[in-house]
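User: I am new to this structure and would like to understand how its labels are justified. Could you take me through the reasoning step by step?

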Amino acid sequence: MTDGQALVKTLDFQLNIQSDNESLLYDATLEARWAYNETIRLAKEGVDWNAIPDRVADDADLVKNTTQRVVAKALGAIENYYEYDDFGQPSHTKDGAYPLRANYEEGYNLSLTDDGDVAFRISAKPYKHVKGVLKGDDAHLDILKNALTSDEWKIGTAEALFHDDNPELHVNVTNTEQTVRDKQNSRTVVGVDVNEDNVALTALSENGVENTLVIDFPEIKFERHRYFTMRKRVQNAGKDSIHDTL
């Protein structure tokens, strides 16, 4: 067993779509939901798992590698179901959007613009692309720009999704120079307990309990609603810089 593993970060961005086809991306997330459901259905029927990716990809109106990523996620859910004593069987009848999972330079592309922005191109459907620029936290943008211009970070898979009806792109990047301790050899752990009326967190180390925090659900809901309201107001007012900060 190795002492460490690669340092991987997920960078979250909002999509400023500039190709006048935002609905295309949403339609693709609905198609991704169909691909996920179909994978679960076929697995439940006993279809050979090796045959499922091509079978679903042939019928899905998505880029093939994107479909294969969605299929892999669904098969992983089924695998966990069997591994953990048949607890929580995945459903194949869910509706709504499901994230598009894509490989870098296959299902999506990123590039630096002359203005210093990061432009994106997502292959939402075969030969149909959604284009624009990424907006988000400066620290995340700096890491991504560094990954586009140096070898310190390597860009990996990404997920295009909708959060509170807003399109987002979550990009995985791997640091090529740093590692983190393997989870089996970790010296600290955080336990999360989701209760009926609160969320409790406890940080543990080799010396025992380091700290504990309890957050009541009304407080969580209040904060979520407060920021949601603020974001909507500044977005409607066209204050993009403030919206990105919130």
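Analyst: Let us begin with a definition: a salt bridge is a side-chain nitrogen of Lys or Arg within 4 Å of a carboxyl oxygen of Asp or Glu. Please keep in mind that this is a predicted model, in which a search of the whole structure finds five salt bridges.

User: What makes the contact of Glu-159 and Arg-101 a salt bridge?

Analyst: The side chains of Glu-159 and Arg-101 come to 2.4 Å, N to O, and because the cut-off is 4 Å, the pair qualifies as a salt bridge. The two residues belong to distant parts of the chain, with Glu-159 in strand β6 (residues 153–163) and Arg-101 in strand β2 (residues 100–102), 58 residues apart.

User: Why is Arg-101 called buried?

Analyst: Arg-101 has a relative accessible area of 19%, and buried means under 20%, so Arg-101 is buried. Its partner Glu-159, with a relative accessible area of 22%, is partly exposed, because that label applies between 20% and 50%.

User: How do you know that Lys-125 and Asp-61 form a salt bridge, and which parts does the pair tie together?

Analyst: The closest N and O atoms of Lys-125 and Asp-61 are 3.4 Å apart, which is within 4 Å, so the pair meets the definition. Lys-125 lies in strand β4 (residues 118–125), whereas Asp-61 is in the loop between α2 and α3, so parts that are 64 residues apart in sequence are tied together. Lys-125, at 11% relative accessibility, counts as buried, while Asp-61, at 38%, counts as partly exposed.

User: What makes Asp-54 and Lys-64 a salt-bridge pair, and where do they sit?

Analyst: Their side chains meet at 3.7 Å, N to O, and because this is within 4 Å, the pair counts as a salt bridge. Asp-54 is in helix α2 (residues 52–59) and Lys-64 in helix α3 (residues 64–83), ten residues apart. Asp-54 has 39% relative accessibility and Lys-64 has 46%, so each counts as partly exposed, a label that lies between 20% and 50%.

User: Which residues are joined into one network?

Analyst: Glu-38, Arg-41 and Glu-45 are joined into one network by salt bridges that share partners.

User: How do you know that the span of helix α5 agrees with what its residues should give?

Analyst: Helix α5 (residues 217–236) has 20 residues, which at 1.5 Å a residue should span 28 Å, and its end C-alpha atoms are 28 Å apart, so the two values agree. After α5 comes Gly-238, whose phi is positive, near 80°.

Notes: Residues are numbered from 1 along each chain as its sequence is written. This is a predicted model: local features need pLDDT of at least 70, side-chain atom pairs count only at pLDDT 80 or more; totals for chains, interfaces and linings use all residues. Side-chain values use heavy atoms; hydrogens and water are left out. Helices (H or I, at least four residues) and strands (E, at least two) are DSSP runs, numbered from the N terminus. Buried means under 20% relative accessible area, exposed over 50%, partly exposed in between (1.4 Å probe, protein chains only). The expected span of a helix is 1.5 Å times one less than its number of residues.
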